[in-house]
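Let's take a walk through this structure together, starting with the whole chain and then going into its parts. Have the view ready to rotate as you read.

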Amino acid sequence: MKLNVIGRKITVRPSFTEKAEQKLKKLDKFFDDAQTEIVLSPQGNRIRVEMTVRAGGVVFRAEEECDDALTALDSLEEVIVRQIRRNKTRLERRLRAASFDDYPYEEEDAEYEVVRTKRIPAKPLTVDEAILQMNLVGHQFYMFRNADTNQINVVYCRKNGDYGLLEPED
């Protein structure tokens, strides 16, 4: 597993990186070749730790805010393992199937049920117009055809109140 630890406005100690490598060795049995990115950033007198694991075309992501980075790391490892367990049958095709044999999971695989389908016209808008439209309808996200690139994009409202843009990548 490849590990990349990033500190934003904070210095990452080598001891934290070593502990992270030890913690992530437990996840090696699920992945053939995975890339993990851990981002640490201060949030007042607390620290926010974000973990993203990319493997086999699947992305696992979790974040935690604690007083101590190592405590947050412990919690994040549990969250990622829980995500893997929850989606065990769907992931067996992409990850090491044999790794699930001796690893029980606590939740039954739920079937995803689409309860509503909505068709919308994908009219060309600028990003600013799409954000305005999203705010007018009171949603957390809005799909639109980007007037600049003529591709389908999604704008969304982030937890901190900022906006994000999802663009397709070839």
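Accessible areas here come from the Shrake-Rupley method with a 1.4 Å probe. By that reckoning, the chain exposes about 11700 Å², and carbon and sulfur atoms supply 46% of that area. Keep in mind that what you're looking at is a predicted model.

Now for the overall layout. You'll find 4 helices and 8 strands in the chain. If you trace them from the N terminus on, the elements run β-α-β-β-β-α-α-β-α-β-β-β. The chain has 170 residues, and 29% of them are buried. What about contacts between residues that sit far apart along the chain? Take the contacts with a separation of 6 or more: residues 24 or more positions apart account for 35% of them.

A good place to zoom in is the pair β3 and β4. Strand β3 covers residues 46-55 and strand β4 covers residues 58-66. The two run antiparallel, and 9 bridges join them. Together they form a hairpin, with 2 residues between the strands. Look at Gly56 in that turn: its phi is positive, at about 55°. To see how the strands line up, find Arg54, which stands opposite Val59 in β4.

Next, move along to the open sheet. It's built from 4 strands in the order β5-β6-β7-β8, and the pairing is mixed. At its edges are β5 (124-125) and β8 (163-166), each of which pairs on one side only. Helix α4, made of residues 127-137, packs on this sheet. It touches β5, β6, β7 (152-157) and β8, and its direction makes about 150° with that of β6. How do β5 and β6 pair? They do so in the parallel sense, over 2 bridges, with β6 spanning residues 141-146. Within that pairing, Pro124 stands opposite Arg145 in β6.

Let's finish on the surface. Which residues make the nonpolar patch of about 220 Å²? They are Ile120, Met143 and Ile152. The last of these, Ile152, is found in strand β7. So is Ile152 buried, partly exposed or exposed? A residue is buried under 20% relative accessible area and exposed over 50%, with partly exposed in between. Ile152 has 33% relative accessibility, so it counts as partly exposed.

Technical notes. Residues numbered from 1 in each chain as written. Predicted model: local features only at pLDDT ≥ 70, side-chain atom pairs only at ≥ 80, totals over all residues. Heavy atoms only, no water. Pairing = 2+ DSSP bridges. Buried < 20%, exposed > 50% of the residue type's maximum accessible area, 1.4 Å probe, protein only. Contact = heavy atoms within 4.5 Å. Axes fitted to C-alpha atoms, helices over the stretch in contact; angles between N-to-C directions. Patch = residues over 30% accessible without salt bridge, like charges linked within 9 Å, V, L, I, M, F, W, Y side chains within 5 Å. Salt bridge = Lys/Arg side-chain N within 4 Å of Asp/Glu carboxyl O.
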